[in-house]
Amino acid sequence: MKEPVIIVGAGLSGLHAAALLQAKGITCRVLEARSRIGGRVLSLEVKDSPEIGRFDMGPTWFWPNHEPAITKLVKELGLSTIEQHTAGAMLFEQSQTGQVQRHVLPEGAVERSMRLEGGIQALIDALASSLPPGTVELNTRVNAIQLDQSGGVKIEAEQADRKMTSIQGAAVILALPPRILAKRITFSPALPDGMIASLKEKPTWMAGQAKVVAIYDRPFWKEAGLSGQVTSWAGLLQEIHDASPETGYGALFGFFGIPAKMRQELGEEPTLRLVTDQLTRLFGLQAGEPIALLYKDWASDPETAVEEDAQPLTSFPEYGLPAGKSSWEKRVIFAGTETAPGHGGHLEGALQAAERAASEVLKVLR
């Protein structure tokens, strides 16, 4: 039996790479440290009310006019889409005491974007379902990778019961945030210092961010002629958008403008109180009484963020493959959205990186 290709990370990039290779008849083993698949894709339900729908706590949109890989994959998998609601006026908040401004954007000013019915998790679930049973191994944390004398790779991993396991592979695809793999995986022979430095210089997209979703019995802001979109210089949330599902319920989600350290010092409950205060200020009293609030601080997720990721990004990072070459070049292959030359940080980037990685593996195995 031929040795499998080992894929480290069961996020979008890792699962897509596995699906592409399995379609070519190549056996894969996907190792995931978390107890779930998806990585930074996370779509949550309201506790005890699954009928309301799932809400994205990670990536939410894709842009069909500019992102061909995800547009094609969504169509191939037969997934249902929801066009992002942008009709109506947007709100602009400059201070907590000043009047909230209302602006109607000219037609075509907002680029058409799509969400997935059931959240982006629907894409993850569909990819995972396309793989042979047992392909993905959860609660399996890779600690070391060694190049063996035959030219293959040996993986050392820790399982949930702290039991260590060794896995032989023909090649390995690393579909993890670059900073995570640079800090937590030991290579033998060692990766060149320049390559390690290059990995550490790539900020993990979304790792310093947090996201909140407020869910209501209906999208009442639409009745007031509002799109749900807000730009704020005054509240905890600096950007807000409509996240309403197709079930008739309403939802607003927001990205935080305050850094990770401040959120952590405040604590979750005070943070959410300030969020509902801001939503009330913007949308009225109804906004202060959501059915539920869903909250995810990615900076507190040890499988996503390292200490350096707590620093807010001041500009869009320069992504792409890590710099430098080594003896690992043909057996260790980098994937993940931070390694994509274009669309880095987006779902599209994750898919394009997976397609490049799968293509490189096919060349190696030939």
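In this predicted model, strands β10 and β11 form a hairpin in which five residues lie between the strands, and Gly-151 in the turn has a positive phi of about 95°. The two strands, β10 at residues 140–147 and β11 at residues 153–159, run antiparallel and are joined by seven bridges. Within this pairing, Gln-146 stands opposite Lys-154 of β11. Strand β11 also pairs with β12 (residues 164–169), again in an antiparallel manner, through six bridges. On this side, Lys-154 stands opposite Gln-168 in β12. Residue Lys-154 therefore faces Gln-146 in the one pairing and Gln-168 in the other, because β11 is bridged to both β10 and β12 under the rule that paired strands have at least two bridges between them. The hairpin of β11 and β12 has four residues between its strands, and Arg-162 there takes a positive phi near 70°.

A separate arrangement of strands is parallel. Five strands form an open sheet in the order β9-β2-β1-β13-β20, with parallel pairing. Strands β9 (136–137) and β20 stand at the edges of this sheet; each has a single partner strand, so one side of each is left without a neighbour in the sheet. Further inside the order, β1 is joined to β13 (residues 171–174) by four bridges, and the two run parallel. In this pair, Val-5 stands opposite Ala-171 of β13.

Val-5 also belongs to the nonpolar interior. The largest nonpolar core has 38 residues, and those with the most contacts inside it are Val-5, Ile-7, Leu-12, Leu-21 and Ile-173. Two or more residues each are given to this core by β1 (5–8), α1 (12–23), β2 (28–31), α2 (68–76), β8 (114–116), α3 (121–129) and α9 (347–365). The largest share, eight residues, comes from α9. The surroundings of Ile-173 illustrate the packing: leaving aside residues up to four places away in sequence, Ile-173 touches Val-5, Ile-6, Ile-7, Val-8, Ala-17, Leu-21, Ile-333, Ala-335, Ala-357 and Val-361. Apart from this core lies another, of 23 residues, which includes Ala-214, Leu-237, Phe-256 and Ala-287.

Helix α1 is mostly covered, with nine of its 12 residues buried. These buried residues are Leu-12, Ser-13, Gly-14, Leu-15, His-16, Ala-17, Ala-18, Ala-19 and Leu-21. The length of α1 can be checked against the rise of a helix: at 1.5 Å a residue, its 12 residues should span 16 Å, and the end C-alpha atoms are 16 Å apart, which agrees. After α1 comes Gly-25, whose phi is positive, near 85°. In α3, the buried residues are Gln-121, Ala-122, Leu-123, Ile-124, Ala-126 and Leu-127. The buried residues of α3 pack against α1, β3 (43–46), β4 (49–56), α2 and β8.

The same check of length was applied to helix α8 (residues 268–283). At 1.5 Å a residue, the 16 residues of α8 should span 22 Å, and the end C-alpha atoms are 22 Å apart, in agreement with that value. The buried residues of α8 are Thr-271, Leu-272, Val-275, Thr-276, Gln-278, Leu-279, Leu-282 and Phe-283. They cover an arc of only 160° around the axis, which puts them on the same side of α8. An α-helix has 3.6 residues a turn, so residues three or four places apart point the same way. Helix α8 is followed by Gly-284, which has a positive phi, near 100°.

Two residues in the loop between β19 and β20 differ in their exposure to the surroundings. Asp-301 is placed in this loop, between β19 (292–297) and β20 (332–334). Its relative accessibility is 8%, so Asp-301 counts as buried, the cut-off being under 20%. The side chain of Asp-301 makes a polar contact with the side chain of Lys-296, at 3.2 Å. When residues up to four places away in sequence are not counted, Asp-301 touches Arg-34 and Lys-296. Pro-312 also has its place in the loop between β19 and β20. Pro-312, however, is exposed, with a relative accessible area of 52%, the cut-off for this class being over 50%. The C-alpha atoms of Pro-312 and Gln-209 are separated by 8.1 Å, although these residues are 103 residues apart along the chain.

Notes:
Residues numbered from 1 in each chain as written. Predicted model: local features only at pLDDT ≥ 70, side-chain atom pairs only at ≥ 80, totals over all residues. Heavy atoms only, no water. Expected span 1.5 Å × (residues − 1). Buried < 20%, exposed > 50% of the residue type's maximum accessible area, 1.4 Å probe, protein only. Arc of directions from axis to C-beta. Core = buried A, V, L, I, M, F, W, Y, C linked by side-chain atoms within 4.5 Å. Contact = heavy atoms within 4.5 Å. Polar contact = N/O pair within 3.5 Å; in protein donor to acceptor, adjacent residues only side chain to side chain.
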